[in-house]
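Let us take a walk through this fold together, with charged pairs as our guide and one helix as our destination. Please have the chain open in your viewer.

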Amino acid sequence: MRYRTLGNTGLAVSEIGFGTIPILQGSVPVLPEYFNLDEEEALAVMGHAFSLGCNLYDTAIVPEYGDAEPKLGKFAERVGRNRIVISDKARFYDGGEMYRAVQTSCENLNTCPDLYFVHQVDDDHEDEVFRKGGALDALAELKAEGKIRFAGIASHYYDTLLRGAKDPRVDVLQGSGNLLERGMLERVAEEEIFRPKGFLVNKVYAAGLLPAFFPAGTLIGAVLAYPVSCALIGLGTAEQVDEAMGEEPVLGEPPVLEEVLSVLEKKYEPIPCSRCQRCSCPFGTEIHTIFRQYQYFFMGKDYWALKKLGLGIQESAAHCRSCTKMPCLAECPAGIRIPDQIEKIERLFLEFGPGRTGRR
């Protein structure tokens with residue numbers, strides 16, 4: 001295992017971090033149905049990763065991540081608290097709510113986390129998080145009190161992370177990216193302002209879908225080719241730990257997007273979207289998110305993708321048909337014919353969506 005400095009925090013973290021979703025137990029929305037680890041099983045899997053050099057463990061508050069916090073706290077006590085870095089987060093945007101959430105996390109962990117993120121910040125909540133008295137102010141106060149060591153912003157949106165990179169209250173950032181959805185990482189690499197911040201990357205396996213197409217070492221190495229601190233991998237078995245951490249990832253220039261698409265083309269017709277998030281829609285449609293759901297449908301998460309598309313694809317397609325400005329076409333660096341793709345995805349939903357008769 002190799003280690004990298006976490007921005008200006010002074011912490012050295014393993015290049016591969018342990019994501020705790022798969023060690024949960026019980027009925028939790030984020031829990032994949034094929035995982036359900038009891039306490040001793042969870043501690044054993046985390047311990048196996050530790051034996052291979054992993055020292056960063058990423059979790060989130062109860063009930064969002066079920067019993068992961070208490071399990072991680074017991075693991076920290078078992079191996080020695082100062083031997084691991086605990087990354088925690090909560091989806092609260094108001095300062096008072098965030099302050100109470102961190103206190104609860106400390107109780108669940110029976111220790112104070114090193115990193116604490118405002119989780120999944122989006123456009124609807126960004127101003128609330130960054131304003132005076134918002135969640136970020138609460139984290140700054142908790143840092144001054146010694147309840148956390150470093151404050152962070154976690155988001156799937158580049159503009160939100162860029163705002164975090166410019167804010168002196170923010171020490172660490174957490175964003176998403178992988179071999180296919182590399183657009184955000186490419187933009188981060190272009191901006192020097194991100195360098196002082198520690199940067200953790202999630203969704204390296206694209207919700208567990210990409211390992212069916214590419215080796216783990218290639219997927220992890222592709223992410224670590226960018227100026228980031230740690231690739232977070234959700235791990236639920238010793239075999240998955242070995243696959244991710246048993247050998248050093250393949251570093252160097254990752255395969256170009258065209259090579260990645262050529263592999264996916266053996267199964268379906270992929271959209272050449274890297275999720276750079278440069279495209280805009282006058283009606284507010286998240287074009288890159290719709291494209292992701294299309295990709296995930298064919299890569300193995302058809303039910304999840306259709307459920308998400310059902311939240312607005314027909315409305316988005318109707319807007320697209322009525323749009324006369326179409327700024328997205330000029331803004332897309334890949335030259336994707338976005339209206340045509342939106343129409344194709346709407347047809348996919350109409351054929352296979354809930355209550356439809358289509359069969360794959």
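A residue counts as buried when its relative accessible area is under 20%, as exposed when that area is over 50%, and as partly exposed in between. Keep in mind as we go that this is a predicted model.

With that cut-off, let us look at Lys71. Its relative accessible area is 3%, so Lys71 is buried. Its salt-bridge partner is Asp67, and the closest N and O atoms of the two are 3.2 Å apart. Asp67 has a relative accessible area of 23%, and therefore falls in the partly exposed class. The bridge thus pairs a buried lysine with a partly exposed aspartate.

The structure holds 20 salt bridges in total, and a few others deserve a visit. Lys89 and Asp58 form one of them, with their closest N and O atoms 2.5 Å apart. This pair links distant parts of the chain: Lys89 sits in strand 5 (residues 85–90) and Asp58 in strand 4 (residues 56–58), 31 residues apart. Both Lys89 and Asp58 are buried.

Next, turn to Arg163, which forms a salt bridge with Glu126, the closest N and O atoms lying 2.9 Å apart. Because Arg163 belongs to helix 6 (residues 158–166) and Glu126 to helix 4 (residues 126–130), the pair ties together parts that are 37 residues apart in sequence. How accessible is each partner, buried or partly exposed? Arg163, at 30% relative accessibility, is partly exposed, while Glu126, with a relative accessible area of 11%, is buried. Elsewhere, salt bridges with shared partners join Arg2, Arg4, Glu15 and Glu248 into one network.

Now back to Lys71, which is among the buried residues of helix 2. This helix covers residues 68–79, and its twelve residues should span 16 Å at 1.5 Å a residue; the end C-alpha atoms are indeed 16 Å apart, so the expectation and the model agree.

Which residues of helix 2 are buried? They are Ala68, Glu69, Lys71, Leu72, Gly73, Phe75, Ala76 and Val79. As you trace them, recall that an α-helix has 3.6 residues a turn, so residues three or four places apart point the same way. And what do the buried residues of helix 2 pack against? Their neighbours are helix 1 (39–51), strand 4, strand 5 and helix 3 (95–109). Strands 4 and 5 are already familiar as the homes of Asp58 and Lys89.

Our last stop comes just after helix 2, where Gly80 takes a positive phi of about 110°.

Definitions and conventions. Residues are numbered from 1 along each chain as its sequence is written. This is a predicted model: local features need pLDDT of at least 70, side-chain atom pairs count only at pLDDT 80 or more; totals for chains, interfaces and linings use all residues. Side-chain values use heavy atoms; hydrogens and water are left out. A salt bridge is a side-chain nitrogen of Lys or Arg within 4 Å of a carboxyl oxygen of Asp or Glu. Helices (H or I, at least four residues) and strands (E, at least two) are DSSP runs, numbered from the N terminus. Buried means under 20% relative accessible area, exposed over 50%, partly exposed in between (1.4 Å probe, protein chains only). The expected span of a helix is 1.5 Å times one less than its number of residues. Contact means heavy atoms within 4.5 Å.
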